[in-house]
Structures are given as C-alpha cells and as structure tokens.
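Reader: I would like a close look at one part of this protein, the surroundings of its ligand, and then at how the neighbouring helices are arranged.

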Amino acid sequence: MKEIGIGLIGYKFMGRAHSHAYRDVEIFFDLPVVPAMKVICGRAEKPLRMAKERFGWDEYETDWKKVVRRKDIDIIDITTPPNAHKDIAIEAAKEGKVIFCEKPLASTMKDAYEMMEAAEKYGVKHAICFNYRKLPAIGLAKKLIDEGKLGKIFHMRAVYLQDWIIDPEFPLVWRLDKEVAGSGAHGDLNAHLIDMARYLVGEFDEVTGMNETFIKERPLIKETDELETGLKDKAKSRQKGTVTVDDATLFLARFKNGAIGSFEATRFAAGRKNGQRFEINGSRGSIVFNLENLNELMYYSVDDPEYVQGFRTILATDASHPYAGNWWPAGHIIGYGEAFINMVADLLTSIARGENPSPNFYDGIKCQEVLTAVEESINKRGWVKVK
Ligand SMILES: NC(=O)c1ccc[n+]([C@@H]2O[C@H](COP(=O)([O-])OP(=O)(O)OC[C@H]3O[C@@H](n4cnc5c(N)ncnc54)[C@H](O)[C@@H]3O)[C@@H](O)[C@H]2O)c1
C-alpha cells in the first residue's frame, strides 16, 4: 500500500495530539494509504528528541526548512503558534506538499490570504484542524440539520469558557502576545465556535462585538523550548510586560440565512476548563452540545407527540452515527483525542482519492474573515459586514 510521509512541525500540545492521531489511526480505520511518521520538528534538541522517542517518529530535525524540502515527505503538518504558520505553509506549497495547518489559519488576515494564494498557485491540497467537526455528536448535529429536522434555524447561542489565566501572576506566554498569537481568547476559542457556526448554521453576514483584557500586565517569561519540560516558574522574571490580546471577546451575529447568534470566548470563567457549549434552535426543533459530554447530543423535536415532547439525550456511539462505526461497540464512549484521529483519517482518505480535504484553508479564511470583522466592529463600536 502507498506510504504517505508525514513531517510534523511542533511537538507540544497539538504536536502530541496529531502524533497520537497518526500513530493510532490505522487501528481504527481501513485506510487506502499508510501514514509514515517520518520526522518531527522543533527548536530545541533535547525535548524534541524526547518527543521523537515517545511519540514514535523515525527522526527529529530542528530546522523546519529541511523538513519541508525532504523528498520523502508528502504532508507538512503545522502545529506551531499562529505567526509561524505562514512561512512554513508557503514553503511547503512551493515544494508541492499537502499542508495540514492548525487553527487559526494565521495570526493576521493578510497572512491567511497569502497562505491560500500559495496553496492555489502551487496547486497543493490543504487542510485546517477544526477538530470538533469530527466528533460523532457534531456529525449527528450536521445530519439532523441537513435533513431539515430542525427546520428553519433561528438561533445559535455558543460559549467557549476557560479559566487558565485568572491568576495575575500567570506569566506572559505566547498566547498573550498579539504578534505571535494574533489575538487572545478570540482567535483561540471563538475560532472554533465560528467554524462550528459556519458548519451547522451557515455563512455570517454581519457582526458586532466587545472585548476586555482584565489583567493588563503580567510577569515576563523567557519562553524557550527547554522550558516546555516544566521549568516555567524558574524562568519568570520580576519584570512585567504588557498583555496585547483580549482575555474575553463576545459578539452578536446575523447569518445570511436570517438566523441570529451570540458568541462568547473567555479565559476568565472560573471553574470552566474547556467549556464549549452551544444550542441551536429552529422551527422544528433544537439541539444542544456540551464538550464536557462530547459523546452526547441533546435533541428536541416539535414533531414528537405532545405527551412525550422534551429534550432527549442521544449517545452518539452507534455505528449509524458519523465515525462511531470505526470505534468501539455502541455505548463505549470516545474522548478528546479521538476527534484528531477522525480528522487524520479523513485527511489521508481525501489525499488518497485525489480530493481536497475538508475543512480546508477556505474554511480557515472564512473563519478568519469573521474574526477580523469582529475586531473591526470592536474598534469602531458598531456593526461590521463580514467580507
Ligand atoms: N485544534 C485545537 O483544538 C487546538 C488546540 C490548541 C492549540 N491549537 C493551535 O495549535 C497551534 C499550536 O498550539 P499549541 O497549543 O500546540 O502550542 P504549544 O506552545 O503547545 O506548541 C507549539 C510548538 O511549536 C513549536 N515551534 C514554535 N515556533 C517554531 C518554529 N519557528 N519552528 C519549529 N517549531 C516551532 C514549539 O517548539 C512547540 O513545540 C496554534 O495555532 C493553536 O491555536 C489548536
């Protein structure tokens, strides 16, 4: 069977999640190609070597340019912070590689367009990691909506709540630096909600938002790859630096199909670790999703006989549910990491069939246009049309 050589750039949070996916995908999916974990890339040799051994890569490399040029690599998988996506993606496109990039597509709209242009110019396939699309419960939500079970959609109400930077002594890591991250909770968390809204409800028409940075200065940190092994506190300086991103961003939206929505992303919701929830209401019913119970989808149908009407909780683990047939017998639930395996299975299958994967850079661009319109609306304190 044909081998697809993978070169992974970045080995921390998403580097681990993607490695796990390549390593286990063949256990659950009959793929038309074999993923070959050729090389993992990062900046510091010691933690990188550990990651190579632990995650099961053949080799490691500290220069991403060398990875991109290798003839035995078919897919360049980018899991670096957003400001590093563009250069790697454009070089990968020039070398004719498939590009699989983490969200948000880039740290600026301009970079995102340049990435899309390069992918088109060099005719390479491209994908973006909106992993939550690949959960069985979300696939079921999509199916219900596409079948018209919710009727005409009126509302989407979505929140993505975390609490990891409430402590004012938490250091100024890259996620709090606009140059590197592009934005804060907005690009990190609202990006997922926006993609989910586009997937399930439709395209955005106009938006108006507000944001806040609650803690404006934080201890500086010397953030190097060596620190990725847990030495952060020792590297914390007494000096403080300015936080240049939002801690929380909320916005309202109108969709092109007439639906309206509300969205909230924050890193200051005490007790909420990764609380992604949404509800969609239509003329024939509603659905509710809560990531903390990611195997479940709540569904209400106005078409049920009145005496049994109410929300039902569907455990999306039946073989008839998207992806679930590749996993365990019904009722044996899956977790966070499995969405990445489903994502990689789709990616490899699309490439083997000569098709562009979904979601791809186009979805990354559409998401970024909404992110950007919200930022513009905050600056001008009013409604902004999404490009
Ligand atoms: N899909 C999701 O649910 C999800 C979740 C978290 C993060 N992300 C996205 O994944 C990306 C990375 O986030 P993370 O949490 O994995 O970050 P991280 O800090 O945990 O890891 C970043 C990695 O990039 C490497 N890196 C940075 N600059 C590099 C360079 N110039 N050359 C080579 N390697 C370099 C670092 O060594 C590190 O291994 C971001 O775009 C983020 O938004 C997506």
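Which helix gives the most to the shell around the ligand, and with how many residues?

Author: Helix α1 (residues 13–28) gives the most to that shell, with three residues; helices here are DSSP runs of H or I with at least four residues, strands are runs of E with at least two, and both are numbered from the N terminus. This is a predicted model, in which local features need pLDDT of at least 70 and side-chain atom pairs count only at pLDDT 80 or more, whereas totals for chains, interfaces and linings use all residues. Residues are numbered from 1 along each chain as its sequence is written.

The shell holds 22 residues, of which Gly10, Lys12, Phe13, Met14 and Glu102 come nearest to the ligand, a residue being near when its C-beta atom, placed from the backbone, lies within 6 Å. By class, the shell divides into ten nonpolar, six polar and six charged residues, where Ala, Val, Leu, Ile, Met, Phe, Trp, Tyr, Cys and Pro count as nonpolar, Asp, Glu, Lys and Arg as charged, and the others, Gly among them, as polar.

Helix α1 also packs on helix α9 (residues 336–353): their axes come within 8 Å and cross at roughly 70 degrees, the axes being lines fitted to C-alpha atoms over the stretch in contact, with angles running from 0 to 180 degrees between N-to-C directions. The two helices are therefore roughly perpendicular to each other, since angles of 65 to 115 degrees are given that name, those under 35 count as roughly parallel, those over 145 as roughly antiparallel, and the rest as oblique. Their crossing is right-handed, that is, the near helix is turned clockwise from the far one by less than a right angle, while an anticlockwise turn would be left-handed. From α1, the residues Ala17, His18, His20, Ala21, Tyr22, Asp24, Val25 and Phe28 meet Gly337, Phe340, Ile341, Met343, Val344 and Ala345 of α9, contact requiring C-beta atoms, placed from the backbone, to lie within 7 Å. This contact has ten nonpolar, three polar and one charged residues.

After α9 comes a loop that leads to α10 and contains Pro359, which is joined to Ser358 by a cis peptide bond with omega of about 0 degrees. Helix α10 (residues 361–380) in turn meets helix α8 (residues 185–200), with axes that come within 9 Å and cross at roughly 120 degrees, which makes α8 oblique to α10. This crossing, too, is right-handed. In α8 the contacting residues are His186, Gly187, Asn190, Ala191, Ile194, Asp195 and Arg198, and in α10 they are Asp363, Lys366, Cys367, Val370, Leu371 and Val374; together they divide into six nonpolar, three polar and four charged.

Glu102, one of the residues nearest the ligand, belongs to β5 (98–102), and the loop between β5 and α5 holds Pro104. A second cis peptide bond is found here, joining Lys103 and Pro104 with omega of about -15 degrees. Helix α5 lies beside helix α4 (residues 85–94), the axes coming within 9 Å and crossing at roughly 10 degrees, which makes α4 roughly parallel to α5. His85, Lys86, Ala89, Ile90 and Ala93 of α4 meet Asp111, Glu114, Met115, Ala118 and Ala119 of α5.

Methods:
Two residues are in contact if their C-beta atoms, placed from the backbone, lie within 7 Å.
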